[in-house]
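Please report on the model shown here. Cover the pocket, the fold, the confidence and a few single residues.

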Amino acid sequence: MIVPLPPDIEDALDRFALEQEITREEALAVIARDWLIGQGYLRADEGDEEKEPAQGRVDA
């Protein structure tokens, strides 16, 4: 999917992806997931079944 973004957002997205050493697509997914969790649209643990558990994590 191609979505046109304003130049300032394009630049910020490129800087974020470069600093995190991820692709633009991965950066967009990280940003969207963070926002959706922050706004309550997505639980923080959704999608965790695909990831390795964090070191030292203790589930209550």
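How much space lies in the largest pocket? About 150 Å³. The model is a predicted one, and the pocket is a property of that prediction.

**Pocket lining**

The residues that line the largest pocket are Met1, Ile2, Val3, Leu5, Glu10, Arg24, Glu25 and Leu28. By class, five of them are nonpolar and three are charged, with no polar residue in the lining. Helix H2, residues 24-38, supplies the largest share of the lining, with three residues.

**Fold and surface**

The protein chain has two helices and zero strands. Helix H1 covers 7-20, and a loop lies between H1 and H2. Of the 60 residues in the chain, 7% count as buried. The chain exposes about 5600 Å². Carbon and sulfur atoms supply 55% of that area.

**Confidence**

Average pLDDT for the protein chain is 84. A score of at least 70 is reached by 77% of the residues. Residues 52-60 are another matter: pLDDT stays under 50 there. For this stretch the model has one contact beyond four places in sequence.

**Two glutamates**

Glu21 and Glu46 can be set side by side.

| Residue | Location | Relative accessible area |
|---|---|---|
| Glu21 | loop between H1 and H2 | 74%, exposed |
| Glu46 | segment after H2 | 32%, partly exposed |

Why is Glu21 classed as exposed? Its relative accessible area is 74%, and the exposed class begins over 50%. Glu21 also has a phi near 55°. That is a positive value in a residue other than glycine.

Is Glu46 buried, exposed or partly exposed? Glu46 counts as partly exposed, because its relative accessibility is 32% and the class lies between under 20% for buried and over 50% for exposed. Where does Glu46 lie? It sits in the segment after H2. Along the chain, Glu46 and Arg33 are 13 residues apart. Their C-alpha atoms are separated by 9.8 Å.

Definitions and conventions: Residues are numbered from 1 along each chain as its sequence is written. This is a predicted model: local features need pLDDT of at least 70, side-chain atom pairs count only at pLDDT 80 or more; totals for chains, interfaces and linings use all residues. Side-chain values use heavy atoms; hydrogens and water are left out. On a 1 Å grid over the protein atoms alone, a cavity is a set of points where a 1.4 Å probe fits but cannot get out, and a pocket is an open set with protein on both sides within 12 Å along at least five of seven lines; lining residues have an atom within 4 Å of a point. Grid points are joined across faces, edges and corners, and a volume is the space filled by probe spheres set on the points. Helices (H or I, at least four residues) and strands (E, at least two) are DSSP runs, numbered from the N terminus. Ala, Val, Leu, Ile, Met, Phe, Trp, Tyr, Cys and Pro count as nonpolar, Asp, Glu, Lys and Arg as charged, and the others, Gly among them, as polar. Buried means under 20% relative accessible area, exposed over 50%, partly exposed in between (1.4 Å probe, protein chains only). Accessible areas come from the Shrake-Rupley method with a 1.4 Å probe; for residues, only the protein chains shown count as cover. pLDDT is the predictor's confidence in each residue, from 0 to 100. Contact means heavy atoms within 4.5 Å.
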